[in-house]
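Here's a quick tour of a model, written for someone who likes to check contacts by eye. Have the viewer open and follow along.

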Amino acid sequence: MNDTTELARSNARAVPSTPDDGERRDEAAALAPAVDVIEDGAGITLIADMPGVPKDRLGIHLEADKLSIEGEMALDLPQDMASRFAEVKMPRYRRSFTLSNELDPEKASAELKNGVLTLRIPKAAHVQPRRIEISAG
């Protein structure tokens, strides 16, 4: 079963997808980060909450129409301390989306700041609104 939810109203949308059935069980065990998708005339912006994930443990993969965001928390404990209680049992985040063909993944940009990932994917030039100049003749 492929459970998908529409995240944006127009054709330039991102839709979450489920992990492939072929994935190993331990690889599939991950938290789905909360993601906001904001669309404007020039593209979409995904804002994902990834607390505790440093830049070097964050991966963003774009392949064809698939976008995958993966990250692993880096919880630094002193050597002589051990965790007795943890509300977050899985230190990994994973979220996948199917992108519209109206988006241009080649021009995507990303920023990670204070545990918040902001990913901008512009619309392709051929679908962006443009003004046509009229010449007087």
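Which residue is the bridge partner of Ile44 in strand 8? Ile121 is the one to click on. Keep in mind as you go that this is a predicted model.

## The four-stranded sheet

That Ile44–Ile121 bridge sits in a bigger pattern of pairing. Strand 3 covers residues 43–49 and strand 8 covers residues 116–122; the two run antiparallel and are joined by 7 bridges. Both belong to an open sheet of 4 strands, ordered 2-3-8-7, with antiparallel pairing. Strand 2 (35–40) and strand 7 (109–113) take the edges, and each has a single partner strand, so one side of each has no neighbour in the sheet. Going from one strand to the next, the twist averages 15 degrees.

As background, strands of a sheet pair through backbone hydrogen bonds, in either a parallel or an antiparallel way.

## Salt bridges around strands 2 and 8

The structure has 4 salt bridges. One of them joins the side chains of Lys123 and Glu39, at 3.7 Å from N to O. This pair ties together distant parts of the chain, 84 residues apart: Lys123 lies in the segment after strand 8, and Glu39 is in strand 2. How does Lys123 count at 13% relative accessibility, buried or exposed? Lys123 counts as buried, because the cut-off for that is under 20%. Glu39 is partly exposed, with a relative accessible area of 26%.

Another salt bridge brings the side chains of Arg120 and Asp40 together, at 3.0 Å from N to O. Here too distant parts of the chain are linked, with Arg120 in strand 8, Asp40 in strand 2 and their positions 80 residues apart. Arg120 is partly exposed at 23% relative accessible area, and Asp40 is partly exposed at 39%.

## Strands 5 and 6

Now move over to strand 6, residues 92–99. It's mostly covered, with 6 of its 8 residues buried. Strand 5 (residues 66–72) runs antiparallel to strand 6, and 7 bridges join them. If you want a spot to zoom in on, Leu67 has Phe97 in strand 6 as its bridge partner.

The side chains of Glu70 and Arg94 also meet in a salt bridge, at 4.0 Å from N to O. Glu70 is in strand 5 and Arg94 in strand 6, 24 residues apart. Arg94 counts as buried at 17% relative accessibility, while Glu70 is partly exposed at 32%.

## Arg95 and its contact

Arg95 is in strand 6 as well. What does the side chain of Arg95 reach at 2.8 Å? The target is the backbone oxygen of Pro33. The C-alpha atoms of Arg95 and Ala32 are separated by 5.6 Å, though these residues are 63 apart along the chain. At 19% relative accessibility, Arg95 counts as buried, since the limit is under 20%.

## Two loop residues with positive phi

Last stop: a pair of backbone angles to look up. Ala64 has a phi near 55 degrees, which is positive in a residue other than glycine. You'll find Ala64 in the loop between strand 4 (58–63) and strand 5, where Ala64 is exposed with a relative accessible area of 71%.

Asn114 isn't a glycine either, yet has a positive phi of about 55 degrees. Asn114 is placed in the loop between strand 7 and strand 8. At 75% relative accessibility, Asn114 counts as exposed, because that label applies over 50%.

Technical notes: Residues numbered from 1 in each chain as written. Predicted model: local features only at pLDDT ≥ 70, side-chain atom pairs only at ≥ 80, totals over all residues. Heavy atoms only, no water. Pairing = 2+ DSSP bridges. Axes fitted to C-alpha atoms, helices over the stretch in contact; angles between N-to-C directions. Buried < 20%, exposed > 50% of the residue type's maximum accessible area, 1.4 Å probe, protein only. Polar contact = N/O pair within 3.5 Å; in protein donor to acceptor, adjacent residues only side chain to side chain.
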